[in-house]
Amino acid sequence: MMQELLFNGQAVDMLPDDAVTLQYRSNLLSDIDKITSSNSLTIRLPKTARNSVIFNFADTLFTSGIERKWYNAIYSRNGVQLINGKAALLSADREAYEVCLVWGIFDKLEEWFKSDDTLRDLPLNYPVQLKKITSENIYATEQVAYGTMYYYNGGMRYVFPVVSVGLIFSRIMMNVLVNGQIDTSEVDTSVLSNYYLNFNDNLVDELVQASNEPTFLVKDWIPAIKTVEFFKAICHMFGWFLEATPDGLKLVDYNTATDKSLAVDWSDKVVSYGDVPESITFKYADYAQRNWMRYKPDESVSRPTDADGSIDIADKTLDNDKTLFTLPFASSYKDEIIQYRVVLNEDDVKEVEFVKTEPRIMGLLENTTAPWLYFVDALKFSNIIADKYSAYSSMLASPTVVEVQLSLDEFDLLGLDFTRPVYLARYASYFVIIEIQSDGDVSTAKLLKLV
């Protein structure tokens, strides 16, 4: 077996016949900010003159100091470039330097995960003018500029200026993630144009206190939700996940990733003996019997809305409940986002009383004569789970994880796509790939059985 490893464009010396063990990991069932990169097991590099120069003589206390940084790394096996990622020096002893490779999601998203940037840091510099709110015009309904914002009332108690979720999502894709870094061709992002996020509730206060018809910028009044949290929430709500593919990063629908009709046949690659895999386990990851997807609590909602939902696992040995995630948005009752109430003061004069509300996402209600925002049924997690997580929940309801030996060559590894199931005729079953560890000629695969 021939192999070559480059650090910052310089070839490093490797131990003869010491195959680099590569671990490829799927992020199918991972939260976006808990995504783990694929990585190698520890690689021991001999302490040659060439390697000592590359690592700045990190093995001696008299050096000017190790550079604690990521190296650009390229790893090739049998003439096929398998890895274009990063590497870190872990330690040094009398005989060798120890390093580790990482690739996939890591180098593209790490800084974003650490960022505190919010929606207010996006280039949403759209000026919008709204009518001053008074007790006399508080019942007015008006559509405002750019076709992406609406100014509604819902009767005596509610008013909610909003901005298109699709517009926000596109700005994140273009400005935070750098346009083109994530392929969205396999998910229907156009559906986001049917949903809207309300502005900061203090805007209503401004509209009442204003002496004229105020103009504001969207970026100044949009809720200060972190961009990564907003992106995660939209993925949760629409059943999308982020995965590394041979062509880069891609948003994928859970139902697509578990679609048996799209499976790749790996039947001829199985090298395990007999009809029994190397191992079978009946638990997967850190789940409970009821795994909740929740909306953020908000005491301003006038009536309870059963908007949370759970994926259930029939395993009495697990804990009873676990919250998988809580959205940075609250649910609503019908069409209301209560940001103020019109009340009578001691002199029986109408006054506006402001109400603190959490951010909301609302949908356009169909079959109405005019656009109207509503907490539509599609936003309830019971419906989201049934529509977007059906195969996902079926897999987890009674999980079966198998470990098998596969003969995967360099081209198989290069084209590894976690967004497609695999079929193994020996077990007459379809599987989702969870992890593959390649030691050279033979790879060990951890697979989750599809129902």
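This report walks through the fold, the salt bridges and a few charged residues of the structure shown above.

Let us start with the whole chain. The model is a predicted one. The chain contains 10 helices and 30 strands. Of its 451 residues, 49% are buried. The accessible surface comes to about 21,200 Å², and carbon and sulfur atoms hold 47% of that area. Among contacts with a separation of 6 or more, 73% are between residues 24 or more positions apart.

Now to the charged side chains that pair up. The structure holds 17 salt bridges, including the ones in this table.

| Salt bridge | Closest N and O atoms |
|---|---|
| R50 and D13 | 3.1 Å |
| D93 and R44 | 3.0 Å |
| D377 and K380 | 3.4 Å |

The salt bridge between R50 and D13 links distant parts of the chain, with the two positions 37 residues apart in sequence numbering: R50 belongs to helix α1 (residues 49–54), while D13 sits in the loop between β2 (10–11) and β3 (22–25). R50 counts as partly exposed at 46% relative accessibility, and D13 is also partly exposed, at 22%.

D93 and R44 form a salt bridge as well. D93 is in the loop between β7 (80–92) and β8 (96–103) and R44 is in strand β5 (residues 43–46), so this pair ties together parts that are 49 residues apart in sequence. D93 has a relative accessible area of 32% and is partly exposed; R44 is partly exposed too, at 27%. Salt bridges with shared partners join R44, D93 and E98 into one network. As for K380, the partner of D377, its relative accessible area is 23%, so K380 is partly exposed.

Some charged residues gather on the surface instead. E346, D347, D348 and E351 form a patch of negative charge there. One of them, E346, lies in the loop between β23 (340–344) and β24 (350–354). Its relative accessible area is 80%, so E346 is exposed.

Finally, meet D315, which is found in the loop between β21 (309–312) and β22 (321–330). Is D315 buried or exposed? Its relative accessible area is 15%, and because buried means under 20%, D315 is buried. Leaving aside residues up to four places away in sequence, D315 touches F282, K283 and Q289. E346 and D315 both sit in loops between strands, yet E346 is exposed and D315 is buried.

Terms used: Residues numbered from 1 in each chain as written. Predicted model: local features only at pLDDT ≥ 70, side-chain atom pairs only at ≥ 80, totals over all residues. Heavy atoms only, no water. Patch = residues over 30% accessible without salt bridge, like charges linked within 9 Å, V, L, I, M, F, W, Y side chains within 5 Å. Areas by Shrake-Rupley, 256 points an atom, 1.4 Å probe, with all protein chains shown as cover. Salt bridge = Lys/Arg side-chain N within 4 Å of Asp/Glu carboxyl O. Lys, Arg positive; Asp, Glu negative; His and termini not counted. Charge placed at Lys NZ, Arg CZ, Asp CG, Glu CD. Helix = DSSP H or I, 4+ residues; strand = E, 2+ residues; numbered from the N terminus. Buried < 20%, exposed > 50% of the residue type's maximum accessible area, 1.4 Å probe, protein only. Contact = heavy atoms within 4.5 Å.
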